[in-house]
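Student: I would like a close look at a single helix in this chain, with its surroundings described carefully. Could you take me from the chain as a whole down to that one part?

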Amino acid sequence: MDADAALRAATSAFLDYDCGQKGHLLRHELRAAHLALFGWNISSLELDSLLPKGAEDGRVGLALPEFASAMVSRLLAQDPDDVIRRQFRALDTECKGFLSLADLQEAVEDVAPHMPHVTTRLVFSQIDSDGDGRVSYADFYAMMTAPHAAPLDAALHGTQRFRRTLHGQHRTCGA
């Protein structure tokens with residue numbers, strides 16, 4: 001992710017979670033925005049460093065410039081391989097170590113409910129490099145790191161399944 005994409009993502013999260021368009025995020029909104037951006041809850045220590053409880057300076061919330069500054073640097077510091085691994089695990093809901101056609105179809109229905117199943121099957125066959133009917137982590141990684149993967153990466157972040165899995169349903173299966 002480059003700096004411009006990170007800034008767009010941070011700004012979008014801020015605007016999505018600034019309830020009432022106040023121009024700042026309250027503590028619970030900051031938690032939700034962080035969760036949307038990274039897929040895990042912000043620690044209390046990090047939250048207090050960004051927006052202390054009962055701040056003596058009279059600050060009510062965290063404004064967009066401060067939020068963007070803090071989040072962009074964190075987004076840029078993310079390990080791309082770790083992001084891909086979390087995405088694979090989000091789609092592999094049964095911790096099988098591979099994705100089936102049914103897994104892909106369910107994820108596609110979240111993002112593009114009107115996409116014909118034949119198209120999903122075609123995409124699956126393109127990703128499944130060895131033709132064994134399973135998309136391994138190696139297949140998934142190759143697809144996500146291919147030059148054309150940016151739109152797919154953005155689409156995966158938009159799926160309810162991906163958000164639901166990353167936002168509170170942490171599992172111990174590996175990928």
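Tutor: In this predicted model, buried residues account for 37% of the 175 residues in the chain. The chain holds 10 helices and 4 strands, and, read along the sequence, these follow the pattern α-β-α-α-β-α-α-β-α-α-β-α-α-α. Of the contacts between residues at least 6 apart in sequence, 61% join residues that are at least 24 apart.

The part to examine closely is helix α7, which spans residues 117-127. Its buried residues are Thr120, Phe124 and Ile127. Seen down the axis of α7, these buried residues fall within an arc of 65°, and they therefore line one face of the helix. The face turned away from that buried side carries Val118, Leu122 and Gln126, which are exposed. As for what the buried residues of α7 meet, they pack against the strands β3 (98-99) and β4 (135-136) and against the helices α6 (101-111) and α8.

Arginine 121 also lies in α7, and it counts as partly exposed because its relative accessibility is 41%, a value that falls between the 20% limit for buried and the 50% limit for exposed. Leaving aside the neighbours within four places in sequence, arginine 121 is in contact with Leu101 and Gln105. The C-alpha atom of arginine 121 is separated by 9.5 Å from that of alanine 102, although these two residues are 19 residues apart along the chain.

One of the partners of α7, helix α8 (residues 137-145), has its own set of buried residues, namely Tyr137, Asp139, Phe140, Met143 and Met144. They cover an arc of only 160° around the axis, so they sit on the same side of α8.

Elsewhere in the chain, another helix pair can be set beside this picture. Helix α1 (residues 3-17) and helix α4 (residues 64-77) pack with their axes 9 Å apart and at an angle of about 130°, which means that α1 is oblique to α4. The crossing of α1 past α4 is right-handed. On the α1 side the contact is made by Ala3, Ala6, Leu7, Ala9, Ala10, Thr11 and Phe14, and on the α4 side by Leu64, Phe67, Ala68, Met71, Val72, Leu75 and Leu76. Divided by type, the residues of this contact between α1 and α4 comprise 13 nonpolar, 1 polar and no charged.

Note on methods
Residues are numbered from 1 along each chain as its sequence is written. This is a predicted model: local features need pLDDT of at least 70, side-chain atom pairs count only at pLDDT 80 or more; totals for chains, interfaces and linings use all residues. Side-chain values use heavy atoms; hydrogens and water are left out. Axes are lines fitted to C-alpha atoms, for helices over the stretch in contact, and angles run from 0 to 180 degrees between N-to-C directions. Helices (H or I, at least four residues) and strands (E, at least two) are DSSP runs, numbered from the N terminus. Angles under 35 degrees count as roughly parallel, over 145 as roughly antiparallel, 65 to 115 as roughly perpendicular and the rest as oblique. A crossing is left-handed if the near helix is turned anticlockwise from the far one by less than a right angle, and right-handed if clockwise. Contact means heavy atoms within 4.5 Å. Ala, Val, Leu, Ile, Met, Phe, Trp, Tyr, Cys and Pro count as nonpolar, Asp, Glu, Lys and Arg as charged, and the others, Gly among them, as polar. Buried means under 20% relative accessible area, exposed over 50%, partly exposed in between (1.4 Å probe, protein chains only). The arc is that of the directions from the helix axis to the C-beta atoms.
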